[in-house]
2 protein chains.
Amino acid sequence: MSTTSTTVNVSGMTCGHCVSSVSEELESLAGVETVDVELNAGGISTVTITSSQELSPSEIGEAVAEAGYLVVANDA
Amino acid sequence: MSTTSTTVNVSGMTCGHCVSSVSEELESLAGVETVDVELNAGGISTVTITSSQELSPSEIGEAVAEAGYLVVANDA
């Protein structure tokens, strides 16, 4: 089975608890297999999601917002 | 019933999740009634505990450490 990898930038994360919150919300999306967060405390963190199906920017954005954070532009 | 108020400085807390973790651990100590955290993200946060009995520095220190943070000197 092929997997899709999606990377988004997320602002406002400061610690491991933030990483857990975001990971948990994203892992609850249909088809998501892994969530990998490169934490940049107080800056822009990189979140990479692998999934068995394509994820829409809006569902990712909503999951991140649900955790209390914001997806920002990739060139930010 | 009289209550005792104890204030300690805690380093390393960065967000509301950290506040919750520390509060939860301290609230589990015998006699603790309220825990109030003044978060200074990335700096020294002030934690005020009211309790029905005197708390020892070591039990406070251990509870804070259990949450993953460090009590630092009051004059730090």
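**Domain, interface and two buried residues in a predicted two-chain model**

In an unreviewed UniProt entry, the feature "domain: HMA" is placed at residues 4-72 of chain A, with positions given in the numbering used here, the feature name shortened, and the annotation possibly inferred rather than shown by experiment. The model is predicted, so that local features need pLDDT of at least 70 and side-chain atom pairs count only at pLDDT 80 or more, whereas totals for chains, interfaces and linings use all residues. Residues are numbered from 1 along each chain as its sequence is written, chains are lettered from A and ligands numbered from 1 in the order in which they are written, and side-chain values use heavy atoms, with hydrogens and water left out.

Over residues 4-72, chain A is 32% helix and 38% strand, and the C-alpha atoms at the two ends lie 20 Å apart; helices (H or I, at least four residues) and strands (E, at least two) are DSSP runs, numbered from the N terminus. Within chain A, A:Ser45 belongs to strand β3, which covers residues 44-51. A:Ser45 has a relative accessible area of 0% and is therefore buried, a term that means under 20% relative accessible area, with exposed over 50% and partly exposed in between (1.4 Å probe, protein chains only). Beyond its neighbours within four places in sequence, A:Ser45 is in contact (heavy atoms within 4.5 Å) with A:Val8, A:Asn9, A:Val10, A:Met13, A:Glu38, A:Leu39 and A:Asn40. The side chain of A:Ser45 also reaches the backbone nitrogen of A:Asn40 at 3.0 Å.

Between the chains, six residues of chain A are in contact with six residues of chain B. Chain A and chain B bury about 420 Å² between them, 58% of it on carbon and sulfur atoms, where buried area is the accessible area (1.4 Å probe) that two parts lose on being put together, summed over both. Of the area that chain A buries against chain B, 78% comes from A:Thr14, A:Cys15 and A:His17, more than from any other three residues.

In chain B, B:Ala63 lies in helix α2, which covers residues 57-67, and B:Ala63 counts as buried because its relative accessibility is 6%. When residues up to four places away in sequence are not counted, B:Ala63 touches B:Glu25, B:Leu26 and B:Leu29. B:Ala63 and B:Ser21 are 42 residues apart along the chain, while their C-alpha atoms are separated by 9.9 Å.

Key
A polar contact is a pair of N or O atoms within 3.5 Å; within protein, one must be able to donate a hydrogen and the other to accept it, and residues adjacent in sequence count only if both atoms are side-chain atoms.
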